[in-house]
Amino acid sequence: MRILRAAAYRSMPWKNGGGVTTEIAVSPAGAALDDFDWRISMARVESGGPFSGFAGVDRTLAVLEGEGIILDIAGRPAATVTKASAPLSFPADVPTQAALIAGPITDLNVMTRRGRMTHAVERVVISAPTDIQSVADATLILCFDGEITVAGATPVRIGPRDTLLLGPDALKRRLEPARTATLFVIRIERVAAND
C-alpha cells in the first residue's frame, strides 16, 4: 500500500500544449507520455478544442468539477460527460473534439497502453465504512471529495485528492469516511501474454 499525496503530484503541459495536466501516477515510474503502460492524471479544461492523441492507448474520462463536457469522438455519437454520469471510455488515438457545457471543468483521465494493460474506472460515494476489493494488478483509490481513513494496525488518513495505491496482494481494505466522500476506484490489469 502506498499513499500518493496531492501536494506531491507533478504538473506538466498537455501533449498538444493546450493546457496543464496534473499527473497522479504513471507506470513505469518516470515514464514519458509516449512510453507509459498506464497513467492517471487530472486536467483543468478552460475551453473547447481537440484532445491530445495517444497512439495505441485506451482512455477513460470522468468530470470532477464543473458543468461537464461534450465529446465528439470520431465514429461515435456525441457523448455528454458530467459529474453525475458514468466515466466514459474511448480510444485515445481517434480524433476527439471537446465542447464545454458551461465554463471550465476539471477532469480525471485514466489511460492504459492497449495490448499491455486494461482498466476500469468507477465513481463510488460512501457515507459508511466500506470494503474495497483489490484483486487487480494495481488498484488506485482517488479520494476526490471528503476524507477517509484506511483501517488497519496503523490507520492512515487520506485527504481530498490524495490517492491510495494498492497492489494485487492487498485483497480487501476497509475505508471509513469522516462524512460522505466521493471516491474514484481505478483497477488496472496486465494483459496476459499470448502463448
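Here is a short tour of this structure, one selection at a time. Keep in mind that the model is predicted.

**Stop 1: the six-stranded sheet.** Start by colouring β2, β3, β4, β11, β6 and β9, in that order, because you'll then be following an open sheet from one side to the other. Strands of a sheet pair through backbone hydrogen bonds, either parallel or antiparallel. Here the pairing is antiparallel. Look for β2 (10-13) and β9 (88-91) at the edges, where each pairs on one side only. Turn the view a little to see the twist, which averages 30° from one strand to the next.

**Stop 2: where β6 meets β9.** Now select residues 57-65, which make up strand β6. How many bridges join β6 to β9? There are four, and the two strands run antiparallel. For a landmark along the way, pick R59 and look across to F90 in β9, which stands opposite.

**Stop 3: S89.** Stay in strand β9 and click on S89. Is S89 buried, exposed or partly exposed? With a relative accessibility of 43%, S89 falls between the 20% and 50% cut-offs, so it counts as partly exposed. Leaving aside residues up to four places away in sequence, S89 touches R59, T60 and R76. If you'd like a distance to try in your viewer, go from S89 to R44: they are 19 Å apart, C-alpha to C-alpha, and 45 residues apart in sequence.

**Stop 4: a cis peptide bond.** Next, jump to the loop between β3 (20-27) and β4 (38-45), where you'll find P28. Zoom in on the peptide bond from S27 to P28: this bond is cis, with omega near -5°.

**Stop 5: the second largest pocket.** Show R2, L4, I24, A25 and V26, which are the closest to the centre of this pocket among its 16 lining residues. The space inside comes to about 250 Å³. Which elements give two or more residues to the lining? They are β1 (2-4) and β3, and β3 gives the most, with five residues. Colour the lining by class and you'll get 10 nonpolar, two polar and four charged residues.

**Stop 6: R161.** Finish in the loop between β16 (156-158) and β17 (163-166), which holds R161. Check its backbone: phi is positive, about 70°, although R161 is not a glycine. R161 counts as partly exposed, because its relative accessibility is 25%.

Methods
Residues numbered from 1 in each chain as written. Predicted model: local features only at pLDDT ≥ 70, side-chain atom pairs only at ≥ 80, totals over all residues. Heavy atoms only, no water. Pairing = 2+ DSSP bridges. Axes fitted to C-alpha atoms, helices over the stretch in contact; angles between N-to-C directions. Buried < 20%, exposed > 50% of the residue type's maximum accessible area, 1.4 Å probe, protein only. 1 Å grid on protein atoms, 1.4 Å probe; cavity = no way out; pocket = protein on both sides within 12 Å on 5 of 7 lines; lining within 4 Å. Points joined across faces, edges and corners; volume = space filled by probe spheres on them. Nonpolar A, V, L, I, M, F, W, Y, C, P; charged D, E, K, R; others polar. Contact = heavy atoms within 4.5 Å.
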